[in-house]
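Visitor: I would like a close look at a single helix and at what lies against its buried side. Please go on from there to the loops and the cavities.

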Amino acid sequence: MGTAAVLTYVTLGRRRIDYRFVLLGAVLPDLVDGVLGLLVFEGDSTRWVAHTLLGATVVAVVILVAFRGERRLALFGIAVGWLLHLVADGMWNAPFTFLWPAFSGRFSTSPREPYSWDLLRDPLAHASTWTAELAGAAALAWFFVAFRLGDRDRRAAFLRDGRLRP
């Protein structure tokens, strides 16, 4: 979420962006594939359809076709966050998944989703994952402080429209 927020802010700034939907889109690929892993898919991969370029494109097209005006602009943040999630995950390192179904009907088995009990059992073996997560948390903390979201009125305004105010 922090990476998506920072990349969106650095590239687009505060222009009519609904950051609520960018943040939601940044976690949806893991949530969708987590549910699919429980209900549909089996095997060594932990990243399936939601971690594909096709999946992100379908989400974007559905939003563009199904919505109009301000609602479309706000909801398009989901597609932006979704794509930034794929960037943060480095999905180009798993081309069978990222470009699925272009090469085959199978998904890459590596790199695996790093989130498991192993993170807590052996944190030093997952230092890069912990570093990335801490950087993301620091970015979200920066947004919280920089845009004074601790103030009840400012937080309420953000939760109402998702905009960052100076």
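Guide: Contact here means heavy atoms within 4.5 Å of each other. The model is predicted, and the helix to start with is α3, residues 53-66. At 1.5 Å a residue, its 14 residues should span 20 Å, and the end C-alpha atoms are 20 Å apart, which agrees. Buried means under 20% relative accessible area, and in α3 the residues that meet this cut-off are G55, A56, V59, A60 and I63. Seen down the axis of α3, these buried residues fall within an arc of 135 degrees, so they line one face of the helix. What covers the buried residues of α3 includes α4, residues 69-88.

Two loops further along the chain have backbone details to check. P101 is found in the loop between α5 (95-98) and α6 (118-121). The peptide bond leading from W100 into P101 is cis, with omega near 0 degrees. R148 lies in the loop between α7 (127-146) and α8 (152-161). Phi of R148 is near 50 degrees, a positive value in a residue other than glycine. R148 is partly exposed, its relative accessible area being 44%.

Now the cavities. The count of cavities of 30 Å³ or more comes to two. The second largest cavity has a volume of about 40 Å³. The lining of this second largest cavity is made up of F147, L149, R154, F158, R163 and R165. By class, that lining divides into three nonpolar residues and three charged ones, with no polar residue.

Technical notes: Residues are numbered from 1 along each chain as its sequence is written. This is a predicted model: local features need pLDDT of at least 70, side-chain atom pairs count only at pLDDT 80 or more; totals for chains, interfaces and linings use all residues. Side-chain values use heavy atoms; hydrogens and water are left out. On a 1 Å grid over the protein atoms alone, a cavity is a set of points where a 1.4 Å probe fits but cannot get out, and a pocket is an open set with protein on both sides within 12 Å along at least five of seven lines; lining residues have an atom within 4 Å of a point. Grid points are joined across faces, edges and corners, and a volume is the space filled by probe spheres set on the points. Ala, Val, Leu, Ile, Met, Phe, Trp, Tyr, Cys and Pro count as nonpolar, Asp, Glu, Lys and Arg as charged, and the others, Gly among them, as polar. Helices (H or I, at least four residues) and strands (E, at least two) are DSSP runs, numbered from the N terminus. Buried means under 20% relative accessible area, exposed over 50%, partly exposed in between (1.4 Å probe, protein chains only). The expected span of a helix is 1.5 Å times one less than its number of residues. The arc is that of the directions from the helix axis to the C-beta atoms.
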